[in-house]
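These are my notes from going through the structure, entry by entry. I began with a single side chain and worked outward from there.

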Amino acid sequence: MSAITVPNSGPWVPDITWPVLEEFWAAAREGRLVFPRCTACGRYQWYPQAMCPDCRAMAFEWDDVRPEGYVFSHTTLRRSFVPGEDGEQARHIVLVKFVHVPGVTLVTNVRGDMAPRVDLRARIIFDQVAPGVWLPVSELSED
Amino acid sequence: MTVSPLRDAIAIVGVGESVYSRRSAVPVPTLMVQAVRDAIADAGIDIDEVDGIVSDAAVAPHLLPADELAANLGLSDRVFTAQMSVGGAGSVGAPLLAAQAIATGAAKTVVCYFGVDWGSAPGGPYRFHGTDPYKASLEMPFGFYGQPVYFAAVARRYMHRYGLTPEDLADVAISTRAWAALHPGAMKRTPITRADHRSSPMIADPLRVLDCCLLTDGAAAFVMTSTARARDCRHRPVSVAGVSFSGAAMSGHSYLAQHEDYLSTPAQVTGPRALGMAGVGPEDVDFAEIYDCFTISCLLQAEDLGFAPKGAGATLFADGHAAPGGSLPINTHGGLLSHAYVLGINHVVEAVAQLRGGCGDRQVPAAEVGLVSGYAAWEHASLVLTA
Ligand SMILES: [Zn+2]
């Protein structure tokens, strides 16, 4: 796997040219949420890897999924450990799972200032954070 | 059930520990050499009798590779070297490697060593995650970076599932600190209260500073040999009655965001296996040294090892069972939370000290069976030691 270029000061922006996730970021630019799916057995594999651990096939296709998930867990960060980022902060982080996409957890921040709770609905939208770089973010709502 | 040929095949006969500090004036690799020397001296054997070296596979070998350790010790015919696990399960599982080598005659006397410089090294324990391209792409942009943040999400899920409260977490830290107060070598010895926990800075909700392990520069080592040879060593041998390792289908890339349920650890596999190998059950364990990188991870393993039903681990601490004088002492040296964060080799050293007797104020009465639990998220080792 090729090395990845990382910025040395925050906020942390992903290197969207890393081949393993190129299609994920390309879809994000278009407002689409995609995950790799085994072409043999249909299992979603997140994060990407060479082999499907269920059926041991080695071919995946990026599959468009409905960007409607729920909060599986969450935390509110008061001190960031990310290099170059301001230590003090209050950032909500949610771990989102999707009923129709088993086995996938997506880490995002939260749009607006709604405090996260387990089982809140999370709709994934995308925010531009740098030229050509769109990050998923969760819009939370009650049922 | 057939008895494992490795049951009671080897014993731990010597232990050595450096001073633990946030910033060591002595380079950590030097501390590691000293700890090995001290462990061999503690066993009362000659350095030249050591012919095997084992360690974790991720941390110790990067600071001081086995060949460099051998060169320092002047070992002229090292016949066995092996490493296992990323960090936390390594030193606890290492007796499994030594037992195989010694029981088959491949080696006679094996030393396990460990050292870590995360107290003073830039980036500390987080740095190795930052070089992972998956984390750099899919987690760091959102601030999901560093073990306290991962385990905060674990704790939050557990709270949702079982109604755990911040006070429950505080009780783990308080009990562990009470033990550390009795250990002259512990880094943090001042007793704490729920109020201290409540006022300790929040790192990642719900985990506060007092829910997180220390940061430490330090080293430790222990020496293993056959049960027969152990009888000639200086101290009463401590027998390796059971040991088990298990790694789940997860890697450092997906740790810990992609964990399936956040409520269990591979201790639920290794605990029963190691206890079964030793021919005992959780009710026979006199004390336990559990990998407490965070208050929540200690609770998860205590449950998975069979000391409490799932979701009820907090009662061990709230009701004083785990504290000094309790019915199931846990982390009798102060653990990673208050003794030192040397990734569990201190848990092995403490278990040996308890089983030898002579731990003074913190001695567990009539300690005959100790369980050590080593954890590295998707890997786990359980070690049953007997007097
Ligand atoms: Zn498949």
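**Entry 1. A:Asn109**

I listed the contacts of A:Asn109, leaving out residues up to four places away in sequence. On its own chain A:Asn109 touches A:Arg91, A:His92, A:Ile93, A:Val94, A:Val137 and A:Ser138, and on chain B it touches B:Pro141 and B:Phe142. The model is predicted, so I kept to local features with pLDDT of at least 70.

I placed A:Asn109 in strand β5 of chain A, residues 101–110. Is A:Asn109 buried or exposed? Its relative accessible area is 15%, under the 20% limit, so I noted A:Asn109 as buried.

I then looked at what the polar side chain does. A polar atom of the A:Asn109 side chain lies 3.0 Å from the backbone oxygen of A:His92. The A:Asn109 side chain also reaches across to chain B, where the backbone oxygen of B:Phe142 is at 3.0 Å.

**Entry 2. The interface of chain A and chain B**

I went on to the interface as a whole. I counted 39 residues of chain A in contact with 32 residues of chain B. The two chains bury about 3200 Å² between them, and carbon and sulfur atoms account for 67% of that area. How many salt bridges cross the interface of chain A and chain B? The rule finds zero. Polar contacts do occur between chain A and chain B: I have 13 residue pairs, both residues at pLDDT 80 or more.

I broke down the side of chain A that touches chain B by element. At least two residues each come from α1 (22–29), β3 (68–79), β4 (88–98), β5 and β7 (133–141) of chain A. The largest share is that of β3(A), with eight residues. By residue class I wrote down 25 nonpolar, eight polar and six charged for this side.

For confidence, I noted ipTM 0.95 and pTM 0.97 for the model. Chain B has a mean pLDDT of 97, with 100% of its residues at 70 or more.

**Entry 3. Salt bridges**

I found 18 salt bridges over all chains. I looked at several of them.

In chain A, A:Glu68 and A:Arg121 form a salt bridge through their side chains, at 3.8 Å from N to O. A:Glu68 is in strand β3 and A:Arg121 in strand β6 (residues 121–130), so the pair ties together parts that are 53 residues apart in sequence. Both ends are partly exposed: A:Glu68 has 28% relative accessibility, and A:Arg121 has 39%.

A:Arg123 pairs with A:Glu139, with the closest N and O atoms 2.8 Å apart. This salt bridge links strand β6, which holds A:Arg123, to strand β7, which holds A:Glu139, 16 residues apart. I noted A:Arg123 as partly exposed at 35% and A:Glu139 as partly exposed at 29%.

In chain B, I looked up B:Arg229 and B:Glu49, whose closest N and O atoms are 3.0 Å apart in a salt bridge. B:Arg229 is in helix α10 (residues 227–230) and B:Glu49 in the loop between α1 (28–43) and β2 (52–56), 180 residues apart. B:Arg229 is partly exposed at 30%, and B:Glu49 is partly exposed at 35%.

I also recorded a network of salt bridges that links A:Glu30, A:Arg32 and A:Asp64.

**Entry 4. B:Asp211**

I found B:Asp211 in the loop between β6 (207–208) and β7 (217–226) of chain B. Its relative accessibility is 0%, so I put B:Asp211 down as buried. What does the side chain of B:Asp211 make a polar contact with? The partner is the side chain of B:His197, at 3.0 Å. The two residues are 14 apart along the chain, and their C-alpha atoms are separated by 8.1 Å. Beyond its sequence neighbours, B:Asp211 is in contact with eight residues that I listed as B:Leu169, B:Ala170, B:His197, B:Pro206, B:Cys293, B:Phe294, B:Thr295 and B:Leu337.

**Entry 5. Helix α12 of chain B and B:Ile330**

I checked helix α12(B), residues 295–304, for burial. Ten of the ten residues are buried, so the helix is largely enclosed by the rest of the structure. Among them are the charged residues B:Glu303 and B:Asp304. After α12(B) comes B:Gly306, with a positive phi near 100°.

I placed B:Ile330 in the loop between α13 (314–318) and α14 (335–339) of chain B. B:Ile330 is buried, at 1% relative accessible area. The residues that B:Ile330 touches include B:Trp179, B:Ile290, B:Cys298 and B:Phe317. Of these, B:Cys298 is one of the buried residues of α12(B).

How values were computed. Residues numbered from 1 in each chain as written. Chains lettered and ligands numbered in written order. Heavy atoms only, no water. Helix = DSSP H or I, 4+ residues; strand = E, 2+ residues; numbered from the N terminus. Buried < 20%, exposed > 50% of the residue type's maximum accessible area, 1.4 Å probe, protein only. Polar contact = N/O pair within 3.5 Å; in protein donor to acceptor, adjacent residues only side chain to side chain. Contact = heavy atoms within 4.5 Å. Buried area = accessible area lost by both parts, 1.4 Å probe. Salt bridge = Lys/Arg side-chain N within 4 Å of Asp/Glu carboxyl O. pLDDT = per-residue confidence, 0-100.
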